[in-house]
Amino acid sequence: MPLMSKAFPNTKTNRLYLLLKKKIEDGVYAAGTQLPSCRRLSEEFDVSYVTACLALKTLVDQGLARNRRGRGIFVPDYTTEMPAARQVKLICTSFDTPSAAAFRKEGMEVFEKAGWQVRPLEIRDREAVGDEIGDFSSFVILYGFGFACYRKIVAEIERIRAQQRVVVIGERCERHGIASVIADEPQQIRLAMELLRRSGRRRVGLLCGNLGNSVEQERVAAWRNFHRSADGETVWQRYFFEMGITDADGDDRIFTAEYLKRTHADGRLKAIDALIVPDPPLARVTAGFFRDHNIRIPEDIALVSIGDADFLSFLSPRITVVDPDMRAHIQAALEFLEERHNRHNRLPLLHLCEPYLKIRESVPAEPQ
C-alpha cells in the first residue's frame, strides 16, 4: 500500500511526502530540477534520514519524480522530456501467432529502415510491462494484450506519466492520452458488406455488444448505410442483434453464448444468411455455438469477423475475416513517434489506418 494512503495520514513520511508534492505542484521545485537529497531533507525538516528517503521514494513511485541513478532524484518535465536516442521497444505477449510475428517483422523493418534502434520483447506479466515502460530511455509500442489487460497497463502508464512515449496498436486508448493506431472500422464493415454482396448474401445480421459504445455506433452506422451496389439493384434485409453487454455482466463470452442460445430458440437466426461479428473473441464464441447447434458455416450462415484471422484460425468452421495490414499500423506508429522524438507534443492521439486490408479465410488446423 502506498505510503501516502489514507491508512497512514499522520506519519512523518506521509506529511513530508505531501509537503514535497505540494512544492512540486506549486512550481517551487520546477520541472527538470533536482530535489534535495535525503540528508538535506532530514536536516531541513527535522526528520530521520530513513523518513526523508521514504518520502522521496513515494514521489518516485507516484510518478511525481524520477530517480536518475548516480545523479539524484529530479522533477520530470513531461511536456518536453523525451528519450534522447531513437529507440523503440516492440512489446507483445508472444510472437508465436502470425499476426504477432507480423508485428515484430514489420516493426523491425520499418523502424530500422528509418534509423531507429529496435528491441522486440515478449512479456506476459503486466508488472514486467510496467517496468519496461518505466524505462524512460525508449519509446514503446504495445500490441496483442487484450482489452482487459490493457486497462491495467493503461493505469500503470498513467501512474508513471509515460503517455507521450507509448503507442498502442489495435486498441483505443486515446482518451487516456495514449496514442492509438487502429484500422478504420467503418471502412472494414463496408468491405465486409461488399464481400457479402458479391457472394449473393442479402439477409445480413450484425451482432453488437452495446450500442452505447461509440465504436459500436460507428460499426452500426456503416452497416446500416451500406445500401446497394453501384448499379442500384442490391436490396438488403438487415437484422440487428444488440446484446446489451455492460461491465457488470462479467465475461462477454458467456453473455454472448447465452444471448445466441435465446436468439436461436426464438427463431431469429433462421432469418439471416450472413452474420457480421466484429470482435474476434465473440466471433469465436459464435462459431462454436453454430458448430454445437449444427448451423453450417458458410452453407447456412456466412460468418464474418473483423480483425485477427489468427485468433480464429484453429476453428473447424471456415470464417471469413477482414484482416488489417500490420505494415500500415506500424508506419502510422513510426510517423507519430518521429514527431514525438522531435518534441512535437500537440499531436492527434487517434490514428485510423487506411483500409489496406487483406481478406483471408481462416483455415482449420490439421488435427494432431
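This passage looks at one helix pair and a handful of salt bridges in a predicted model.

Helix packing comes first. Helix α1, spanning residues 12-26, sits against helix α3, spanning residues 49-61, with the two axes 8 Å apart and at an angle of about 50°. That angle falls outside the ranges for roughly parallel, roughly antiparallel and roughly perpendicular pairs, so α1 and α3 come out as oblique to each other. The crossing of α1 past α3 is right-handed. On the α1 side, the contact is made by Lys12, Thr13, Leu16, Tyr17, Leu20, Lys21 and Ile24. These residues meet Thr51, Ala52, Leu54, Ala55, Leu56, Thr58 and Leu59 of α3. Sorted by type, the residues of this contact split into nine nonpolar, three polar and two charged.

Next come the charged pairs. Side chains of opposite charge can pair when their charged atoms come close. With a cut-off of 4 Å between nitrogen and carboxyl oxygen, the model has 19 salt bridges. One of them stays inside α1: the side chains of Lys22 and Asp26 meet with an N to O distance of 2.6 Å. Lys22 and Asp26 are four residues apart in α1, which means about one helical turn separates them. Lys22 itself is partly exposed, because its relative accessibility of 49% does not pass the 50% mark for exposed residues.

A second salt bridge pairs the side chains of Glu185 and Arg219, again with 2.6 Å from N to O. Here the partners sit in separate helices, Glu185 in α7 (residues 185-198) and Arg219 in α8 (residues 214-225), so the bridge ties together parts of the chain 34 residues apart in sequence. Glu185 and Arg219 are both buried.

Another pair is Arg203 and Asp273, whose closest N and O atoms are 3.9 Å apart, within the 4 Å limit for a salt bridge. This pair links distant parts of the chain, 70 residues apart: Arg203 belongs to strand β8 (residues 203-208), while Asp273 lies in the loop between α9 (252-265) and β10 (274-277). As for accessibility, Arg203 is partly exposed at 29%, whereas Asp273 has a relative accessible area of 11% and is therefore buried, the cut-off being under 20%.

Finally, some salt bridges share partners. Lys105, Glu106, Glu109 and Arg327 are joined in this way into one network.

Note on methods. Residues are numbered from 1 along each chain as its sequence is written. This is a predicted model: local features need pLDDT of at least 70, side-chain atom pairs count only at pLDDT 80 or more; totals for chains, interfaces and linings use all residues. Side-chain values use heavy atoms; hydrogens and water are left out. Axes are lines fitted to C-alpha atoms, for helices over the stretch in contact, and angles run from 0 to 180 degrees between N-to-C directions. Helices (H or I, at least four residues) and strands (E, at least two) are DSSP runs, numbered from the N terminus. Angles under 35 degrees count as roughly parallel, over 145 as roughly antiparallel, 65 to 115 as roughly perpendicular and the rest as oblique. A crossing is left-handed if the near helix is turned anticlockwise from the far one by less than a right angle, and right-handed if clockwise. Contact means heavy atoms within 4.5 Å. Ala, Val, Leu, Ile, Met, Phe, Trp, Tyr, Cys and Pro count as nonpolar, Asp, Glu, Lys and Arg as charged, and the others, Gly among them, as polar. Buried means under 20% relative accessible area, exposed over 50%, partly exposed in between (1.4 Å probe, protein chains only).
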